[in-house]
Amino acid sequence: MTTSTATERPRRLSMPKLTRRLTDIVIKTEREQDVESVTTSSVPHSQSKHRVLEDEELKEWRKHIEPSPLTKEAVKKSVVHHSIATLCRGPYNLDNLALYQATAHSVRDRLLEDWNATQEVLHAENPKRCYYLSMEFLIGRALDNALHCLEVKDVYREGVKDLGFHLEDLLKEEHDAALGNGGLGRLAACYMDAAATLDYPTWGYGLRYQYGIFKQIINSEGYQTERPDYWLNFNNPWEFPRTDIRYDVQFYGYVATKMNDKGKSRMTWEGGEKVQAMAYDVPIPGFDTSGCGNIRLWSSKPLNSFDFASFNDGDYGRSVSEQTKAENLTSVLYPNDNHLVGKELRLKQEYFFVSASLQDIVQRFRRTKCAWKDFPEKVAVQLNDTHPTLAIPELQRILLDIEGLDWDDAWDIVTRVFAFTNHTVLPEALECWSVPMMERILPRHMQIVYDINLFFLQKVEKMYQGNRDLLKRVSIIEEGSPQQVRMAYLAVVGSHTVNGVAALHSDLIKTQLFHDFILYYGPEKFINITNGITPRRWLYQANPALRDLITATLGSHKWVTHLDELKALSKHASDAAFQEKWMDVKFQNKLRLAKWIKQNVDITVNPHALFDIQVKRIHEYKRQLLNILGVIYRYKNIKMLSPEERQEVVPRVVIFGGKAAPGYYIAKTVIKLITTVAHVVNNDESIDDLLKVVYIPDYNVSRAEIIVPASDISQHISTAGTEASGTSNMKFVLNGGLILGTVDGANIEIRDEIGSDNIFMFGTTADKVADLRHHQKYHGVLMDPNLQIVLSAIQEGEFGGPNTASVFGSLINTLTYGGDYYLISADFEMYLDAQDHVDAVFKKKQEWAKKSIMCTAGMGFFSADRATREYADKIWNLKPIQLLKK
């Protein structure tokens with residue numbers, strides 16, 4: 001074993017003084033490896049449990065690995081084989097679900113050929129890899145995506161037709177994977193698609209949620225109710241259980257010092273509870289490449305699933321209590337944390353996720369036969385928001401307590417491995433965990449966080465001596481009762497790079513959120529990488545008619561992987577014949593959505609009307625409330641018009657969708673207001689079908705694929721300075737939908753790319769928000785007169801009867817007694833003016849068509865491919881591996 005030379009810098013003890021003071025339990029050990037010191041030049045030992053095949057045996061294996069022929073007969077043979085051999089379903093007991101599963105297994109076989117080929121290249125090249133840690137991966141349906149990426153959809157359509165089925169019917173049988181909620185998870189899925197397409201050696205890590213976040217039901221009274229999302233009830237062909245990949249994850253217990261007779265010591269985490277993390281792999285196909293990415297999801301399993309003694313004693317509940325307790329960890333995404341038990345479960349869930357992921361990453365690194373100093377040259381870890389931040393003290397613990405490095409060497413490795421993406425500037429969205437809870441559930445990690453904070457503050461104090469206010473402001477530990485661990489601050493201190501996700505957001509990070517850290521680190525640590533979306537999912541797959549028109553116009557489908565090619569569409573924007581084709585595609589997509597709305601929510605809508613859409617997570621800052629208050633104003637205005645005046649009104653269908661967190665009362669009340677208004681408006685025959693309001697329940701990726709291509713206008717109207725970026729805005733504009741939006745998030749950059757003439761923007765700008773809030777707080781809210789009319793209508797029972805004053809009272813109070821924090825009154829008149837402008841332009845069909853074309857033509861910058869390349873170049877220092885292009 002190598003040792004430090006005399007010329008190396010002095011080494012800090014692996015057990016800092018603060019940690020010593022918190023530990024008074026000593027465990028004697030005679031095992032030298034329990035306490036020996038390790039240097040960064042040491043090569044960690046790796047012991048594989050897999051058998052190494054002899055050369056002749058390997059030849060036999062390779063001889064029988066044959067690529068699947070791509071013919072209609074081969075497809076039919078494969079589907080029939082899986083129907084009989086995998087599903088045990090013969091020609092006498094088939095249905096669409098069975099044929100979907102058989103077809104999915106057949107396509108999966110082809111996908112696995114790419115997956116295995118990619119793994120062989122990774123094994124041979126041993127490149128640096130990136131691991132993308134995200135609590136959410138909203139990947140949507142997999143079959144259609146795989147068919148497109150493998151370029152086999154036509155032959156499969158013909159094959160299953162010969163077997164008596166229609167491929168489009170089979171695609172509808174797939175349930176969306178319930179692995180996320182909103183933009184965070186969809187962004188992660190887009191980046192996994194882009195990394196696979198660009199051949200970057202990147203894996204995602206996440207959790208396999210048994211019931212997702214929840215299935216949203218809108219009950220008969222118009223309220224959101226939550227039900228489990230049983231997405232795993234049927235066989236999931238798109239995941240591979242890795243029964244051989246399991247890691248123990250520990251909670252509670254105590255910290256002790258292991259010490260031998262020579263006085264050598266090392267910290268150890270003892271006692272408590274353990275569960276097992278079992279891996280499930282989800283292949284992610286790349287487009288126009290033989291490469292295939294991967295998302296590894298963890299499911300929580302008990303160490304002992306059944307207590308036979310308790311069962312024999314008649315205590316049946318206790319006999320399975322350990323299994324139930326363990327599986328709760330991965331049952332639901334974001335368990336309700338309005339109570340202490342929920343907070344503890346969420347903290348345990350996040351630690352379970354990062355512990356299993358890092359054990360897996362370290363184990364893979366061990367197989368490279370590299371020294372510890374090479375760890376940052378082989379491993380990059382991206383933290384997608386604050387949820388995986390516990391990975392920082394966890395890797396420090398692994399390197400210190402398990403591997404035996406000293407503190408400085410371990411911390412040097414940690415801070416060169418991690419990078420942090422911040423997704424919000426909202427204070428309530430920046431996670432904090434109470435110190436007492438951390439000390440109880442993760443005692444060793446709390447000690448390490450204390451030490452990280454101490455050493456960081458010592459460095460800051462050395463640079464800014466005597467500035468106690470600065471030390472307080474940048475401390476990872478927030479003083480209070482109880483003290484809190486500020487996870488965003490821990491992520492900043494433990495990462496080499498911090499990035500925002502839109503230009504405005506990244507500026508706010510530097511000027512507001514992390515301004516004090518700039519004083520110590522300088523601005524270079526904080527960069528911008530604007531979000532992007534995958535055109536494969538959001539145009540090529542979701543909008544086949546527009547895809548075919550674009551491909552025919554541009555002469556190839558090169559644009560699918562080089563989105564800048566779309567700019568050539570601008571040459572056709574004024575061509576009347578092309579405009580007609582373009583708007584016919586839009587109309588067909590509106591017809592499709594209108595049919596879906598009729599079939600699923602029993603509302604008849606006019607496809608010739610302007611489709612006005614706002615679909616996203618329900619939150620006060622996203623201002624669905626502003627939208628529905630504007631709808632009420634429009635409805636009351638229509639009621640006042642004469643028949644002649646109504647002839648000039650642009651008919652509208654206003655469509656909402658999105659989930660509110662189960663414990664978010666105000667957001668759920670917004671949904672109730674929307675559904676109540678919809679009931680009144682949709683049943684009012686006197687307004688001549690000039691306005692309809694639709695709430696689409698259980699919004700998810702597959703529903704977005706129907707909704708997004710049908711939009712004429714989509715609303716992205718967050719209070720300026722609150723939306724980090726947004727990605728739904730990009731999806732709508734890519735599909736030729738215009739935006740009605742505030743000067744916030746990526747709206748600004750979209751405006752710059754497509755031209756200010758092709759977007760409808762309004763509202764208070766970010767630089768004026770703080771002053772306006774201050775004025776409203778101390779001088780009261782100056783209620784907009786038109787808004788007051790709307791609020792009075794609600795209070796007087798025009799929507800929902802006389803009891804609405806009590807039902808919606810808390811909602812109205814946010815605008816009055818609550819100080820209107822999200823500036824709905826301040827922006828209301830500008831919002832109505834912008835809507836009038838939308839109506840005026842929509843009447844000019846050729847002008848609208850040109851704007852729609854220019855929107856799509858200007859979206860090249862917002863590809864997930866561009867964003868992923870920026871991450872690879874600016875943060876991960878990652879190169880593509882050499883794979884064959886198809």
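A polar contact is a pair of N or O atoms within 3.5 Å, where one atom must be able to donate a hydrogen and the other to accept it. Keep that in mind for the start of helix α4, where D95 caps the N-terminal end with a side-chain oxygen 3.3 Å from the backbone nitrogen of L97. The model you are looking at is predicted. This briefing follows helix α4 from end to end, then visits three helix pairs and a cis peptide bond.

**Helix α4 and what comes after**

- Helix α4 covers residues 96-125, which is 30 residues.
- From its first C-alpha to its last, α4 reaches 43 Å, close to the 44 Å expected at 1.5 Å a residue.
- At the N-terminal end of α4 you can find the cap made by D95.
- Just past the other end comes N126, with a positive phi.
- The phi of N126 is near 50 degrees, and this residue is not a glycine.
- N126 belongs to the loop that runs between α4 and β2 (129-133).

**Helix α25 and its partner α35**

- Helix α25 (residues 624-640) packs with helix α35 (residues 824-842) at an angle of about 60 degrees, and their axes are 10 Å apart.
- An angle under 35 degrees would count as roughly parallel and one of 65 to 115 as roughly perpendicular, so α25 and α35 are oblique to each other.
- The crossing of α25 with α35 is right-handed.
- On the α25 side, the contact involves L625, L626, N627, L629, G630, Y633 and R634, while α35 brings I824, F828, Y831, L832, Q835 and D839.
- Sorted by class, the residues of this contact between α25 and α35 are eight nonpolar, three polar and two charged.

**Helix α25 and its partner α32**

- Helix α25 also meets helix α32 (residues 785-795): their axes come within 9 Å and cross at roughly 90 degrees.
- That crossing angle is why α25 and α32 are described as roughly perpendicular to each other.
- From α25, the residues in this contact are L629, I632, Y633 and K636; from α32 they are N786, L787, I789, V790, L791, A793 and I794.
- Nine of the residues in the contact of α25 with α32 are nonpolar, one is polar and one is charged.
- Look for L629 and Y633 of α25 in both places: they take part in the contact with α35 and in the contact with α32.

**Helices α23 and α24**

- Helix α23 (residues 544-554) and helix α24 (residues 576-601) pack at about 155 degrees, with 9 Å between their axes.
- Angles over 145 degrees count as roughly antiparallel, and α23 and α24 therefore fit that description.
- α23 passes α24 in a left-handed crossing.
- A545, L546, L549, I550 and T553 of α23 touch F578, K581, W582 and V585 of α24.
- The contact of α23 with α24 has seven nonpolar residues, one polar and one charged.

**A cis peptide bond**

- The peptide bond from S481 to P482 is cis, and its omega is near 5 degrees.
- To find P482, go to the loop between β14 (477-478) and β15 (484-486).

Note on methods: Residues numbered from 1 in each chain as written. Predicted model: local features only at pLDDT ≥ 70, side-chain atom pairs only at ≥ 80, totals over all residues. Heavy atoms only, no water. Helix = DSSP H or I, 4+ residues; strand = E, 2+ residues; numbered from the N terminus. Expected span 1.5 Å × (residues − 1). Axes fitted to C-alpha atoms, helices over the stretch in contact; angles between N-to-C directions. Left-handed = near helix turned anticlockwise from the far one by under 90°. Contact = heavy atoms within 4.5 Å. Nonpolar A, V, L, I, M, F, W, Y, C, P; charged D, E, K, R; others polar.
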